[in-house]
Amino acid sequence: MNKKNVAILGATGAVGSRLIKCLEQSNIEVNEIKLLASKRSAGTTLKFNDQDVVVKEATPEEFDGIDLVLASAGGSVSKKFLPEAVKRGAVCVDNTSAFRMEEDVPLVIPEVNPDSLKDHHGIIANPNCSTIQMVLALNPIKEKYGLKQVIVSTYQAASGAGQSAINELKKDSQQYINGEKMDANIFPVKSDKPHYPLAFNLLPQIDVFEEDGYTHEEWKMIHETKKILLNDMNSKDIKVTATCVRVPVEIGHGEAVYFETDNQEPEISDLKNLISQGSGLVLEDDPKKCIYPQPINAAGKNDTFVGRLRKDEENPGNYHMWVVSDNLLKGAALNTVQIAEKLVEMKLV
Ligand code: A2P
């Protein structure tokens, strides 16, 4: 039987609502759909393919008979339920960071490393949103010219922290405009104080700080990039470093990516050709007409947009580019569903 019983864990969230849409638009034939969330949402109704589906509280038993789980309900929820789902025979694609660095868990961007799916043991991890769009743009360049070094600064949208974060950004923006005191309960880390307002502000902290002064988001970008491109999260073959900043944008992460090719010095026209031919990539790069990627234009789109490609004139073999993508789509729901499509296509589920 090709039709799959699919559960979406975290179906009521910012990514969850997009998982529903991406699944509807995918080539996965769905037999039964189960929409799971917390107790708070149990009994509410969501649509799947124009049919009303009642949301259920996630419990281990809800995964009985499920073939495929798409999860985006937070790391602790994934840790609690995905091993239970696997025990019951399901294959899980997890959008959280709970399992990404485990050795037997493939970390997959379907355009980049689909073959690593063959090694799965029931759980496949979707990379961090900021990693996906950067690696998608770098991969064709790495394949043709090699990569020595990547230095990235991110400009990450509020929606990466979930629906409540979007709500807070909108409320705080209004409060700022009204000259009122802004509430701050979510940024930079919901579960950890202090909190600062994001509206009309920039926060150079995403996720908690590590001992070495990097944030965990920065750590993720560094080690996930190596795991995806080199199959080794600690490889030194490509040097990667990151500064991650939350910006008051609703949807769409921007990234200033500085990279060094290995032993050749391609022309900008060569790099532009590679990007325009890359799967899931769109070149938007015409400085004379002030054309370059912007989050407001990328929101709601499946593609990742690349522009501002230029040489570092003082360091041959080094380049800059600007990469923008909808963090809730290619950065999360779309990549998750594309992984699921590949699993079905490769008969791995
Ligand atoms: P709920 O809406 O019932 O709280 P977001 O990333 O936008 O904040 O969404 C988080 C998603 O994870 C929501 O669907 C939320 O459901 C779900 N969720 C949060 N906690 C749990 C839990 N303990 N069990 C199952 N789902 C959860």
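This text walks through a predicted model, from its domains to two helices, a pocket and some unusual backbone spots. Residues are numbered from 1 along each chain as its sequence is written, and side-chain values use heavy atoms, with hydrogens and water left out. Because the model is predicted, local features need pLDDT of at least 70, and side-chain atom pairs count only at pLDDT 80 or more, while totals for chains, interfaces and linings use all residues.

Start with the overall layout. The protein chain is divided into domain 1 (4-126 + 332-345) and domain 2 (131-327). These bounds come from an automatic or database domain assignment. The C-alpha centres of the two domains lie 25 Å apart. Where the domains meet, 16 residues of domain 1 are in contact with 19 residues of domain 2. Contact here means heavy atoms within 4.5 Å.

Now turn to helix α5, residues 216-230. Helices are DSSP runs of H or I with at least four residues, strands are runs of E with at least two, and both are numbered from the N terminus. Helix α5 has 15 residues and reaches 20 Å from its first C-alpha to its last. That is close to the 21 Å expected at 1.5 Å a residue. The expected span is 1.5 Å times one less than the number of residues.

Is α5 mostly covered or mostly open? It is mostly covered, with 12 of its 15 residues buried. Buried means under 20% relative accessible area, exposed means over 50%, and partly exposed lies in between (1.4 Å probe, protein chains only). The buried residues include Met221, Ile222, Ile228 and Leu229. Charged names appear in that list too, among them Glu217, Glu218, Lys220 and Lys227. What do these buried residues pack against? Their partners are α3 (129-145), β9 (147-156), β10 (239-246) and β11 (253-261).

One of those partners, strand β10, holds Lys239. Lys239 counts as exposed because its relative accessible area is 53%. Leaving aside neighbours within four places in sequence, Lys239 is in contact with Lys148, Gln149, Val150 and Lys226. Lys239 and Glu260 are 21 residues apart in sequence, and their C-alpha atoms are 9.6 Å apart in space.

Just after α5 comes Asn231, with a positive phi of about 65°. Asn231 sits in the loop between α5 and β10. It is exposed, with a relative accessible area of 67%. Asn49 also has a positive phi, near 50°, in a residue other than glycine. Asn49 lies in the loop between β3 (45-48) and β4 (51-54). At 43% relative accessibility, Asn49 counts as partly exposed.

Asn231 also leads to the second largest pocket. A pocket is found on a 1 Å grid over the protein atoms alone: it is an open set of points where a 1.4 Å probe fits, with protein on both sides within 12 Å along at least five of seven lines. Lining residues have an atom within 4 Å of a point. About 330 Å³ of space lies in this pocket. That volume is the space filled by probe spheres set on the points, which are joined across faces, edges and corners. Which residues lie nearest the centre? They are Glu103, Val105, Pro106, Lys227 and Asn231, out of 14 in the lining. By class, the lining has six nonpolar, three polar and five charged residues. Ala, Val, Leu, Ile, Met, Phe, Trp, Tyr, Cys and Pro count as nonpolar, Asp, Glu, Lys and Arg as charged, and the others, Gly among them, as polar. Each of domain 1 and domain 2 gives the lining at least three residues.

Lys227 has a link to Val108 as well. The two are 119 residues apart along the chain, yet their C-alpha atoms are separated by 9.3 Å. Val108 lies in the loop between β7 (91-94) and β8 (123-125). It counts as buried, at 0% relative accessibility. Its contacts beyond four places in sequence include Leu117, Ile124, Asn335 and Ile339.

Finally, look at α4 and what follows. The 15 residues of α4 should span 21 Å, and its end C-alpha atoms are 22 Å apart, which agrees. Its buried residues are Ala165, Ile166, Glu168, Leu169, Asp172 and Gln175. After α4 comes Gly179, with a positive phi near 75°. The loop between α4 (163-177) and α5 holds Pro188, and Pro194 as well. The peptide bond from Phe187 to Pro188 is cis, with omega near -5°. The bond from Lys193 to Pro194 is also cis, with omega near 0°.
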